[in-house]
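I set out to record where the ligand is held and what surrounds it. The backbone is to be checked afterwards for unusual geometry.

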Amino acid sequence: MMALIVAVAENNVIGSEGKIPWHLAEDMNFFRKLTEHNVIIMGRKTFESLPRRLPNRIHIIISRNRRFVPPYDDCYVVNSLDAAIDFSRTFVGKNIFIIGGGEIYQQALQKKAVEKIFLTKVQTEPKGDTFFPVVNPQDWQETNKIHFFKNEKNDYDFDIIEFGRINKS
Ligand code: NDP
């Protein structure tokens, strides 16, 4: 299974100055459980925004810079999204998650290989400089939705919404 996973504010902001502008512990927990022991594909800027390598996940980083060398094991660098998708398929039996950021989501939404979107809709409208692209509603159908409340762990109310691709041809 190949999926895109993202957290989006109501104004489509996903990032600000290289960071995600909210803290939602229960969403991070969901992200960890889903992606652990699987493959994660990301742009070089998202990789550099991580505080550290994410444990128990195979990292595939996309960069045009052929001299970019990540400072950890189990991290691979490729030079295009297509190369990332092809390489991820060599990890037989693993699920593949495209985890951002904005540039990579924009390209990944065009790829029919991406069958699902796990979209966390966050009930806030922060300032930001990176946005999730507009998704064609004819291509995607909501298949599940779970609500989480603002509390001591989560800065805001949010929903985790799952979409399946309708238009597969
Ligand atoms: P990306 O993470 O999408 O990385 C962009 C980089 O990826 C480019 O500079 C380039 O690297 C490489 N790249 C992109 N397309 C290609 C291609 N076709 N071929 C080769 N390399 C390519 O950057 P963004 O700035 O769009 O996103 C980062 C922001 O998103 C941060 O603020 C981060 O916190 C946020 N984010 C938010 C998420 C959320 O769910 N809310 C999830 C993930 C990130 P190079 O310059 O090395 O050539």
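**Ligand contacts**

I began with the oxygen atoms of the ligand and looked for polar partners in the backbone. For Ile62, a backbone N or O atom lies 3.5 Å from an oxygen atom of the ligand. I note that the model is a predicted one. For Glu103, I found a polar backbone atom 2.9 Å from a ligand oxygen. I then turned to side chains: Arg44 places a polar side-chain atom 2.7 Å from an oxygen atom of the ligand. I next looked up how far the ligand is covered. Its area when taken alone is 930 Å², and the protein buries 89% of this.

**The shell around the ligand**

I listed the neighbours of the ligand and obtained 28 residues, with Ala7, Arg44, Thr46, Ser63 and Arg64 coming nearest. By class, I recorded 9 nonpolar, 14 polar and 5 charged residues in this shell.

**The pocket**

I asked where the ligand sits, and found it in the largest pocket. I then assigned the shell around the ligand to secondary structure: β1 (2–9), β2 (13–15), α2 (44–49) and α4 (102–108) are the elements that give two or more residues. Of the elements, α4 contributes the most to this shell, namely 5 residues.

For the largest pocket itself, I noted a volume of about 1400 Å³. Its lining comprises 44 residues, and those nearest the centre are Ile20, Thr46, Ser49, Leu50 and Ile99. I classed the lining as 18 nonpolar, 16 polar and 10 charged residues. At least two lining residues come from each of β1, β2, α1 (25–35), α2 and α4. Thr46 thus appears twice in my notes, once among the residues that come nearest to the ligand and once among those nearest the pocket centre.

**Backbone geometry**

I closed with the backbone. Most peptide bonds are trans, and most residues other than glycine have a negative phi. Against this background I entered two sites.

The first entry is the peptide bond between Gly100 and Gly101, which is cis, with omega at about -5°. I located Gly101 in the loop that runs between β6 (96–98) and α4. The helix α4 is also the element that gives the most residues to the ligand shell.

The second entry is Glu17, which is not a glycine yet has a positive phi of about 50°. I placed Glu17 in the loop between β2 and α1. Both β2 and α1 supply at least two residues to the lining of the largest pocket.

Terms used: Residues numbered from 1 in each chain as written. Predicted model: local features only at pLDDT ≥ 70, side-chain atom pairs only at ≥ 80, totals over all residues. Heavy atoms only, no water. Near = heavy atom within 4 Å. Polar contact = N/O pair within 3.5 Å; in protein donor to acceptor, adjacent residues only side chain to side chain. Areas by Shrake-Rupley, 256 points an atom, 1.4 Å probe, with all protein chains shown as cover. 1 Å grid on protein atoms, 1.4 Å probe; cavity = no way out; pocket = protein on both sides within 12 Å on 5 of 7 lines; lining within 4 Å. Sits in = over half its atoms within 2 Å of the grid points. Helix = DSSP H or I, 4+ residues; strand = E, 2+ residues; numbered from the N terminus. Nonpolar A, V, L, I, M, F, W, Y, C, P; charged D, E, K, R; others polar. Points joined across faces, edges and corners; volume = space filled by probe spheres on them.
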